[in-house]
Amino acid sequence: MTASITPCWKKCLERLVALGVGLFVAWLAWAGSIQPQSAAVVPDERGWAVNAEFDVEIGARLIDAVGKGVPLHFRFEVQIKRKRWYWIDEHLAGRVVNYRLSYHALTRQYRLAVGSLYQNFATLEAALAALGHIRRLHIADAGALPQGETLIAAVRLSLDQSQLPKPLQIDALANDDWRVDAHTLSWQFVPAAEPQ
């Protein structure tokens, strides 16, 4: 009798563990994350610019919030540094750009704004794709980056929780559903010829 019950319990336990792992993975995937996919420093007409691609997932709680009219603020940061063995790295150039994502119920459109400039999108997916697609953002004037030296660049796109309405900021402190993991992408590059 004992021999026939034990395998049954073992199978049930394995299924429960598998279900728990699956739910945990689904929760992690749905909590939101911003993953950098690629980035590069390229010459532009005034000096140097950055291109960057991010995979932006904001999670169910934030999707619900923005759909109810709560604007979300994102912060894109880029830094260029020169490594120094005897001291902290030297900051050569950098830039911060703040984005505002909102939903307008009357027009049923999502709006992605930078300062007074904005673009409307029919779906949230399209707005998030545009947020994660950064092209030719000027970061340094000609002559600001030393040619032929190995430099370190880093980019990061993150949700600025300090811009949430105050009651939601308190909720965000205690509830991981409001969290959007943001990772930094760092790489080394050597500025080639001075842009014309």
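# Notebook: rings, charges and strands in a predicted model

I began with Trp-85, which is exposed, as its relative accessible area is 82%. I note at the outset that the model I am reading is a predicted one.

**Entry: the aromatic surface**

I looked next at the surroundings of Trp-85 and found that Trp-85, Tyr-86, Trp-87 and Ile-88 together make a nonpolar patch on the surface, with about 660 Å² of accessible area between them. Tyr-86 sits in the loop that runs between strand S3 (72-82) and strand S4 (90-104), and I recorded Tyr-86 as exposed because its relative accessible area is 53%, where the cut-off for that class is over 50%.

**Entry: aromatic pairs**

How many aromatic pairs does the structure hold? I counted 3 of them. In one, the rings of Phe-54 and Phe-76 have centres 6.0 Å apart and planes at 80°, so I list the pair as edge-to-face. This pair links distant parts of the chain, with Phe-54 in strand S2 (residues 47-57) and Phe-76 in strand S3, 22 residues apart. Are these two rings buried or exposed? Phe-54 counts as buried at 7% relative accessibility, and Phe-76 is buried as well, with a relative accessible area of 0%.

I then turned to Trp-85 and Tyr-86, whose ring centres are 5.6 Å apart and whose planes stand at 80°, so this pair is also edge-to-face. Here both partners are exposed, Trp-85 at 82% and Tyr-86 at 53% relative accessibility.

I also checked for a charge over a ring, and found Arg-111 lying over the face of Tyr-118, at 3.8 Å from the ring centre.

**Entry: Ala-113 and its surroundings**

Tyr-118 came up again when I looked at Ala-113, which has its place in strand S5 and counts as buried, given a relative accessibility of 12%. Which residues does Ala-113 touch, once its neighbours within four places in sequence are left aside? I found contacts with Asn-98, Tyr-99, Arg-100 and Tyr-118. For Arg-100 I also noted the C-alpha to C-alpha distance from Ala-113, which is 5.1 Å in space for residues 13 apart in sequence.

**Entry: Ala-105**

Ala-105 lies in the loop between S4 and strand S5 (109-114), and I recorded Ala-105 as exposed because its relative accessible area is 57%. Looking for a partner remote in sequence, I noted Gly-67, which is 38 residues away from Ala-105 along the chain and 8.2 Å away in space, C-alpha to C-alpha.

**Entry: salt bridges**

Side chains of opposite charge can pair when their charged atoms come close. I therefore went through the charged side chains with the rule of a Lys or Arg nitrogen within 4 Å of a carboxyl oxygen of Asp or Glu, and the count came to 6 salt bridges.

Glu-53 forms one with Arg-135, the closest N and O atoms being 3.2 Å apart. This pair links distant parts of the chain, as Glu-53 is in strand S2 and Arg-135 in strand S7 (residues 133-141), 82 residues apart. Arg-135 is partly exposed, with a relative accessible area of 43%.

Glu-77 forms another with Arg-75, where the closest N and O atoms are 3.7 Å apart. I looked up both partners, and found Glu-77 partly exposed at a relative accessible area of 23% and Arg-75 partly exposed at 31%.

A further salt bridge brings together the side chains of Asp-181 and Arg-179, at 2.9 Å from N to O. Asp-181 counts as partly exposed at 30% relative accessibility, and Arg-179 counts as partly exposed at 27%. Lastly, I noted that salt bridges with shared partners join Arg-82, Glu-90 and Glu-149 into one network.

**Entry: the chain as a whole**

I closed with the totals, and counted 4 helices and 10 strands in the protein chain. From the N terminus on, the order of these elements is α-β-β-α-β-β-β-β-α-β-β-α-β-β. The chain has 196 residues, of which 36% count as buried, and its accessible surface comes to about 12000 Å², with 58% of that belonging to carbon and sulfur atoms. How do the contacts spread along the sequence, and what share joins residues at least 24 apart? Among contacts between residues at least 6 apart in sequence, I found that 67% join residues at least 24 apart.

Key:
Residues numbered from 1 in each chain as written. Predicted model: local features only at pLDDT ≥ 70, side-chain atom pairs only at ≥ 80, totals over all residues. Heavy atoms only, no water. Patch = residues over 30% accessible without salt bridge, like charges linked within 9 Å, V, L, I, M, F, W, Y side chains within 5 Å. Areas by Shrake-Rupley, 256 points an atom, 1.4 Å probe, with all protein chains shown as cover. Helix = DSSP H or I, 4+ residues; strand = E, 2+ residues; numbered from the N terminus. Buried < 20%, exposed > 50% of the residue type's maximum accessible area, 1.4 Å probe, protein only. Phe/Tyr/Trp six-rings, centres within 6.5 Å; stacked < 30°, edge-to-face > 60°. Lys NZ or Arg CZ within 6 Å of the ring centre and 35° of its normal. Contact = heavy atoms within 4.5 Å.
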